[in-house]
Amino acid sequence: PSFTIGELAARRLQIIRQLEADGIADMNKQLPFPVLPQRLAIISSVTAAGYGDFCDQLKKNSSSFAFYPKLFPAIMQGEQAESSIIGALERIYENLSLFDVVVIIRGGGAAIDLACFDSYNLALNCAQFPLPVIAGIGHQRDVSILDMVAHISVKTPTAAAEFLIGKMQETENELFNLANDIH
């Protein structure tokens, strides 16, 4: 509420320029993506509909791929969101070897509700995180700074689940083709 839309846009541009000047804007994108992204560290609100949609999509995948999601609850809007999400990243970091990717999900909302994803500190933490980060935040029209620095950005929590299922399907198809070649 203390920012106007114009002030928010100017602040976003300043943060983007700072990330580029620091040379970290594309760091997470440079990490290799796992062949079988099954062990998922998820940052979301426990009660969020987007989190429920994400989990349902994973469970109901038509190929019955197994996923092992672990929720790291966080506040996903408001003044405490930045520190809450960074705190969740720190808890994941303590158990880094247990996970393949980090998935940060939140459904859409008003621009002011999603402003926490335009934070320099959050972008800094995500850009430098040692696991690929998948951002599934908002709706089709929403693009946050977190989306820009994440390894993969999709438009919704459901799309994040579909992306992971698609990666598993690609690996299954590749293995099937290799088996045929061997045969």
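Which backbone oxygen does the side chain of H151 reach? In this predicted model, the side chain of H151 reaches the backbone oxygen of L31, at 2.8 Å. The legends below begin with this residue and then turn to other sites.

**Figure 1. Surroundings of H151 in the loop between α5 and β5.** The loop that holds H151 runs between helix α5 (145-149) and strand β5 (152-154). H151 has a relative accessible area of 14% and is therefore classed as buried, since the limit for that class is under 20%. Its side chain makes a polar contact of 2.8 Å with the backbone oxygen of L31. L31 is also among the residues that H151 touches beyond four places in sequence, together with N28, K29, F33, P132 and V133.

**Figure 2. S44 in strand β1 and its polar contact with I105.** S44 belongs to strand β1, which covers residues 39-44. The relative accessible area of S44 is 1%, so the residue counts as buried. From this position the side chain of S44 reaches the backbone oxygen of I105 at 3.4 Å. When residues up to four places away in sequence are set aside, S44 touches I105 as well as Y51, L71, F72, P73, A74 and M76.

**Figure 3. Packing of helix α2 against helix α6.** The view shows α2 (residues 49-59) and α6 (residues 157-182), whose axes lie 8 Å apart and form an angle of about 25 degrees. Because angles under 35 degrees count as roughly parallel, α2 is described as roughly parallel to α6. The crossing of these two helices is right-handed. On the α2 side, the contact is formed by G50, D53, F54, Q57 and L58. On the α6 side, the partners are P157, T158, A160, A161, E162, L164 and I165. By class, the residues of this contact comprise seven nonpolar, three polar and two charged.

**Figure 4. Packing of helix α3 against helix α4.** The axes of α3 and α4 are 9 Å apart, and the helices pack at an angle of about 15 degrees. This angle falls within the range that counts as roughly parallel, under 35 degrees, and the two helices are therefore roughly parallel to each other. The crossing of α3 and α4 is left-handed. E82, I85, I86 and L89 of α3 meet N121, L122, N125 and C126 of α4. Five nonpolar residues, two polar residues and one charged residue make up the contact of α3 with α4.

**Figure 5. N121 in helix α4.** N121 lies in α4 and is one of the residues through which that helix meets α3. Not counting residues up to four places away in sequence, N121 touches E82 and I86. With a relative accessible area of 38%, N121 is partly exposed, a class that lies between the limits of 20% and 50%. The C-alpha atoms of N121 and I75 are 16 Å apart, and the two residues are separated by 46 residues in sequence.

**Figure 6. I75 in the loop between β2 and α3.** I75 is placed in the loop that joins strand β2 (68-73) and helix α3 (81-94). Its relative accessibility is 38%, so I75 counts as partly exposed. Beyond its neighbours within four places in sequence, I75 is in contact with Q80, A81, S84 and I85. I75 and Q57 are 18 residues apart along the chain, and their C-alpha atoms are separated by 22 Å.

**Figure 7. G107 in the loop between β3 and α4.** The loop that contains G107 lies between strand β3 (101-106) and helix α4 (120-127). G107 has a relative accessibility of 25% and therefore counts as partly exposed. Its contacts, leaving out residues up to four places away in sequence, are with L114, G138 and P157. The C-alpha atom of G107 is 25 Å from that of L19, a residue 88 places away along the chain.

**Figure 8. Backbone of S64 in the loop between α2 and β2.** S64 is not a glycine, yet it has a positive phi of about 60 degrees. The residue is found in the loop between α2 and β2. S64 has a relative accessible area of 63% and is exposed, because that class begins over 50%.

Notes: Residues numbered from 1 in each chain as written. Predicted model: local features only at pLDDT ≥ 70, side-chain atom pairs only at ≥ 80, totals over all residues. Heavy atoms only, no water. Helix = DSSP H or I, 4+ residues; strand = E, 2+ residues; numbered from the N terminus. Buried < 20%, exposed > 50% of the residue type's maximum accessible area, 1.4 Å probe, protein only. Contact = heavy atoms within 4.5 Å. Polar contact = N/O pair within 3.5 Å; in protein donor to acceptor, adjacent residues only side chain to side chain. Axes fitted to C-alpha atoms, helices over the stretch in contact; angles between N-to-C directions. Parallel < 35°, antiparallel > 145°, perpendicular 65-115°, else oblique. Left-handed = near helix turned anticlockwise from the far one by under 90°. Nonpolar A, V, L, I, M, F, W, Y, C, P; charged D, E, K, R; others polar.
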